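Reader: I am in my first year and still learning to read protein models. Please take one part of this structure, look at it closely, and then connect it to the rest.

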Amino acid sequence: MIVEVNVPVFAESITEGTLLAWHKKIGEAVARDEILVDIETDKVVLEVPAPQAGVLVEVIVNEGDTVTSQQVLAKIDTEAAAVSAAPAQAAPAAEAAAPATASNAQAGVAMPAAAKLAAEKGVDVGSIQGSGRDGRVLKEDVQNASAAPKAAAPAASIPVGARPEERVPMSRLRARVAERLLASQQENAILTTFNEVNMKPIMDLRAKYKEKFEKEHGVKLGFMSFFVKAAVAALKKYPVVNASVDGKDIVYHGYFDIGIAIGSPRGLVVPILRDADQMSIADIEQAIVDYAKKAKDGKIAIEDLTGGTFSITNGGTFGSMMSTPIINPPQSAILGMHATKERAVVENGQVVVRPMMYLALSYDHRIIDGREAVLTLVTIKDLLEDPARLLLDL
């Protein structure tokens with residue numbers, strides 16, 4: 001019996017994807033639920049399993065092709081026997097990949113599309129750190145490796161006065177991020193208000209309890225959970241900052257779904273802490289750790305990224321001193337954290353040195369007035385400088 005392999009049903013916000021790589025060749029046996037192909041959307045990479053056990057007898061869509069929801073990708077014969085080698089009419093991409101994957105056949109880390117590109121560019125796949133699931137080398141990994149400067153290459157290999165450049169297509173995720181950020185700037189009346197926070201109280205609290213906290217909860221005590229708690233408290237006081245615009249309506253959300261910006265090998269993703277007001281500090285820290293691991297392994301799911309009423313981004317991780325974060329639509333505000341640096345400040349008429357962080361709150365001025373924006377940021381600052389209030393709900 002012939003069984004079709006179809007593209008999964010995409011989420012409502014996703015219209016199409018790109019077929020990244022086939023894991024099987026024509027003529028090879030497949031087991032039920034074995035991963036056959038990876039599809040990249042503008043949010044996540046989907047793994048498509050085999051619906052039935054059998055032999056892959058036809059590949060309809062090649063690597064790099066655009067696919068839509070429920071499109072037929074391939075066919076499996078549930079009654080056929082696997083052949084010892086793929087027939088001559090096997091997918092061209094798989095054949096072209098063979099020379100490049102030979103050195104990595106045992107490791108099996110290179111995706112077919114990546115192996116093909118590596119062969120074309122003369123890149124050793126074995127020397128590349130893969131960013132795909134379970135460390136698999138993706139096409140974009142090869143592109144990045146080929147674009148990186150070759151330290152071992154002799155200077156004479158580059159002609160004097162040469163101005164080399166390489167054109168690399170954006171991944172779907174990168175293209176989608178660019179599209180959304182541009183739309184955010186065009187559709188929202190974005191303003192940013194700034195303040196600074198003395199991080200010493202939180203740093204002292206963390207230093208005092210971090211070992212006990214980790215022993216009790218099995219997760220490290222970071223700073224982000226305090227910012228999430230402070231943000232939720234501020235949003236409760238000024239609910240318009242937690243609202244969104246829908247046409248000519250303002251939608252006030254009676255819940256607090258906080259997006260946390262996380263860097264991944266494929267680009268920036270913003271998974272959601274749902275009902276963050278009901279989460280403990282330990283719950284928040286564990287959720288962030290879990291999301292970071294899923295992002296690194298390429299296992300972020302569409303539902304992890306859907307929704308959100310407010311976002312927090314931490315540019316300080318990379319050393320940023322100040323920035324104006326862009327709102328993540330359809331949200332109306334975003335909090336930007338930055339690097340903590342020791343600076344001279346005045347306390348009680350005395351100049352003292354304190355670990356200070358600049359905070360930035362970008363907001364949509366169409367529905368949020370400067371008063372609400374400034375007071376929201378001041379509330380966050382005050383709570384962070386007196387973290388006991390977060391625990392006492394004051």
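Author: What follows is a close look at strand E19 and the places around it, and then at some other sites.

The model is predicted: local features need pLDDT of at least 70 and side-chain atom pairs count only at pLDDT 80 or more, while totals for chains, interfaces and linings use all residues. Residues are numbered from 1 along each chain as its sequence is written, and side-chain values use heavy atoms, with hydrogens and water left out.

Strand E19 covers residues 350-364. Strands (E, at least two residues) and helices (H or I, at least four) are DSSP runs, numbered from the N terminus. Of the 15 residues of E19, 11 are buried, so the strand is largely enclosed by the rest of the structure. Buried means under 20% relative accessible area, exposed means over 50%, and partly exposed lies in between (1.4 Å probe, protein chains only).

E19 pairs with strand E18 (residues 340-347) in the antiparallel sense, over eight bridges. Two strands count as paired if DSSP finds at least two bridges between them. In this pair, arginine 343 has arginine 354 in E19 as its bridge partner. E18 and E19 also form a hairpin, with two residues between them. Asparagine 348, in the turn, has a positive phi of about 55°.

Strand E17 (333-337) also runs antiparallel to E19, and four bridges join them. Here leucine 335 stands opposite leucine 361 in E19.

Strand E9 (residues 190-198) pairs with E19 as well, in the antiparallel sense and over nine bridges. Phenylalanine 194 stands opposite alanine 360 in E19. As background, strands of a sheet pair through backbone hydrogen bonds, either parallel or antiparallel. In a regular strand, the side chains alternate between the two faces of the sheet.

Now consider threonine 193, which is found in E9. Threonine 193 counts as buried because its relative accessibility is 14%. Leaving out residues up to four places away in sequence, threonine 193 touches Leu359, Ala360, Leu361, Tyr363, Ala373, Val374 and Leu377. Contact means heavy atoms within 4.5 Å.

Phe194 takes part in something else: together with Met321 and Met322, Phe194 makes a nonpolar surface patch of about 250 Å². Methionine 322 lies in the loop between strand E16 (310-314) and E17. At 39% relative accessibility, methionine 322 counts as partly exposed. A patch is built from residues with over 30% relative accessible area and no salt bridge; like charges are joined within 9 Å, and nonpolar side chains (Val, Leu, Ile, Met, Phe, Trp, Tyr) within 5 Å. The areas come from the Shrake-Rupley method with a 1.4 Å probe, and for residues only the protein chains shown count as cover.

Ala373, Val374 and Leu377, among the contacts of threonine 193, have numbers that fall within helix H9 (residues 370-385). Lysine 381 and glutamate 385 both lie in H9, four residues apart, about one turn of the helix. They form a salt bridge, with the closest N and O atoms 3.0 Å apart. A salt bridge is a side-chain nitrogen of Lys or Arg within 4 Å of a carboxyl oxygen of Asp or Glu. Lysine 381 is buried because its relative accessible area is 17%, while glutamate 385 counts as partly exposed at 27%.

Arginine 371 and glutamate 372 form another salt bridge, and their closest N and O atoms are 3.5 Å apart. Arginine 371 is exposed, at 55% relative accessible area, whereas glutamate 372 is buried, at 19%. The structure holds 11 salt bridges.

For a site elsewhere in the chain, take valine 142 in helix H3 (residues 139-147). Valine 142 is buried, with a relative accessible area of 0%. Not counting residues up to four places away in sequence, its contacts are Ala114, Leu117, Ala118, Val123, Ile128 and Val137. Alanine 114 is 28 residues from valine 142 along the chain, yet their C-alpha atoms are separated by 6.2 Å.
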